[in-house]
Amino acid sequence: MLRTALINNQRSAFLRAARASFVCSSRPRCAFISTSPPHPSQSSNAEPPIASSSQLTKPGAVSTVPTMVRGDWVLFHPVYTPEEMKAVKVLHREAKTIPDKLAYGLVRLARYGFDLVSGYKHKETPPGTTMTVEQLRKEGYLLDEGGWLNRILFLETIAGVPGMVAATLRHLTSLRLMRRDSGWIHTCLEEAENERMHLMTFMTLRDSSIWFRALILGAQGVFYNLFFLAYLVSPRTCHRFVGHLEEEAVLTYTRCIADLEAGRIPEWTDKPAPEIAIDYWRLPSDAKLLDVIYAVRSDETTHRFVNHSLANLNVKTDVNPFALREPDMYVKGNTIAFERSEAEKYVNESHSIMKEVKEKATSV
Ligand SMILES: [Fe+2]
Ligand SMILES: [Fe+2]
């Protein structure tokens with residue numbers, strides 16, 4: 001039924017219009033604009049050509065897009081209102097089947113191993129304590145700025161892997177079997193890029209040492225290959241694994257926000273948001289790092305919801321309910337996932353919206 005619904009749709013300008021109107025509804029700045037600089041011959045006001053060596057070779061650059069160009073130089077991603085960013089709950093999906101228990105067990109094991117290696121142990125601050133931030137850090141109750149960055153940077157380098165592996169394998173399956181993908185590839189690619197944008201944002205706060213980079217190299221080599229093999233065997237369990245991984249990410253960023261708001265990361269109090277983050281999440285120009293972390297947590301909540309929902313579907317035949325639009329954060333932040341029947345209802349609603357858009361477009 002779900003598959004039939006997809007096949008009957010036409011992913012054309014009408015779909016993109018429906019989707020764009022959904023994305024833009026929360027932020028007027030979310031206009032789709034060209035990111036290509038004009039060709040000098042097209043405009044008398046064009047900037048004088050700059051030496052290609054300085055434009056193209058920027059080893060430390062986040063992007064080579066000229067700074068005066070702002071817009072969608074990235075894939076689709078949700079943009080949140082300030083209220084949506086606060087509408088996030090720390091949630092956990094109880095594992096009932098054996099594969100689901102295996103996926104959750106692996107996430108717990110990974111978290112335990114990472115906490116052990118990084119020397120992190122979450123300890124609740126004693127109620128009514130008079131200890132200073134320095135003392136709390138010394139006693140192991142709080143992470144300092146460097147500790148938070150180590151944790152975030154390492155985890156974001158790993159978090160960008162599953163979406164790319166899933167997209168690659170589904171892409172190859174579609175080519176090999178000459179059959180449609182049912183809309184999963186784009187969502188997986190969007191997740192991978194979204195995670196990479198988290199990394200691009202936080203890496204502007206600190207340059208990493210060669211040892212840290214070596215650690216990431218090793219971790220990526222192991223994790224990419226393991227996840228690749230696991231996805232060949234059971235894509236559904238892999239999406240469940242990512243869903244649980246994202247539960248941990250939401251928890252980590254929620255603790256980070258709590259510490260920051262309580263003045264326990266003084267180095268980040270009133271720290272301005274990096275420019276790349278202002279552009280990506282359409283934040284106000286005076287946004288702070290705290291606003292960025294709220295936006296990142298919302299993204300992790302999206303990944304939690306999307307992956308748990310995908311894991312509830314038939315990965316071979318069902319359409320991806322998020323191929324055309326996504327629920328807002330009031331849904332994703334308060335619900336762990338769509339069950340299969342809810343996904344079907346959502347797909348049907350999407351088709352009604354698209355039909356309406358198409359009718360409006362043809363009547364103009
Ligand atoms: Fe992330
Ligand atoms: Fe994530």
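A residue is buried if 20 or more other C-beta atoms lie within 10 Å of its own, and exposed if 12 or fewer do. In this predicted model, R304 has 29 other C-beta atoms within 10 Å and is therefore buried.

## Overall composition

The protein contains 15 helices and 0 strands. Of its 364 residues, 31% count as buried. Among contacts in the protein with a separation of 6 or more, 81% are between residues 24 or more positions apart.

The UniProt record, an unreviewed entry, places the feature "transmembrane region" at residues 210-233. In the model that stretch is 100% helix and 0% strand, and its end C-alpha atoms are 35 Å apart. Helix α10 is assigned to residues 210-233.

## Two helix pairs

Helix α8 (residues 161-177) and helix α10 cross at roughly 40°, and their axes come within 10 Å. At that angle α8 is oblique to α10, and the crossing is right-handed. From α8, the residues V161, P162, V165, A166 and L169 make the contact; α10 supplies Q220, F223, Y224, F227, F228, Y231 and L232. By class, this contact has 11 nonpolar residues, 1 polar residue and no charged residues.

A second pair is formed by helix α9 (residues 184-202) and helix α13 (residues 289-311), which pack at an angle of about 155° with axes 11 Å apart. Because angles over 145 degrees count as roughly antiparallel, α9 is roughly antiparallel to α13. The crossing of α9 and α13 is left-handed. On the α9 side the contact is made by T187, E191, N194, H198 and T201, and on the α13 side by V292, V296, D299, H303 and V306. The classes here are 3 nonpolar, 5 polar and 2 charged residues.

## Individual residues

R304 is located in helix α13. Beyond residues up to four places away in sequence, R304 touches G243, E246, E247 and V250. The C-alpha atoms of R304 and F241 are separated by 9.9 Å, with these positions 63 residues apart along the chain counted as their spacing.

F338 occupies the loop between α14 (329-332) and α15 (340-363). This residue counts as buried because it has 24 C-beta neighbours inside 10 Å. Leaving aside neighbours within four places in sequence, F338 is in contact with S309, N312, P321, A343 and Y346. F338 and S309 are 29 residues apart along the chain, and their C-alpha atoms are separated by 5.0 Å.

Two loop residues other than glycine have a positive phi: S182, near 70°, and D270, near 60°. S182 is in the loop between α8 and α9, whereas D270 lies in the loop between α11 (235-261) and α12 (275-280). S182 is buried, with 22 other C-beta atoms within 10 Å. D270 has 8 C-beta neighbours inside 10 Å and so counts as exposed.

The table collects the burial of these residues.

| Residue | Other C-beta atoms within 10 Å | Class |
|---|---|---|
| R304 | 29 C-beta atoms | buried |
| F338 | 24 C-beta atoms | buried |
| S182 | 22 C-beta atoms | buried |
| D270 | 8 C-beta atoms | exposed |

Methods
Residues are numbered from 1 along each chain as its sequence is written. Chains are lettered from A and ligands numbered from 1 in the order in which they are written. This is a predicted model: local features need pLDDT of at least 70, side-chain atom pairs count only at pLDDT 80 or more; totals for chains, interfaces and linings use all residues. Helices (H or I, at least four residues) and strands (E, at least two) are DSSP runs, numbered from the N terminus. Two residues are in contact if their C-beta atoms, placed from the backbone, lie within 7 Å. UniProt positions are given in the numbering used here, feature names are shortened, and annotations may be inferred rather than shown by experiment. Axes are lines fitted to C-alpha atoms, for helices over the stretch in contact, and angles run from 0 to 180 degrees between N-to-C directions. Angles under 35 degrees count as roughly parallel, over 145 as roughly antiparallel, 65 to 115 as roughly perpendicular and the rest as oblique. A crossing is left-handed if the near helix is turned anticlockwise from the far one by less than a right angle, and right-handed if clockwise. Ala, Val, Leu, Ile, Met, Phe, Trp, Tyr, Cys and Pro count as nonpolar, Asp, Glu, Lys and Arg as charged, and the others, Gly among them, as polar.
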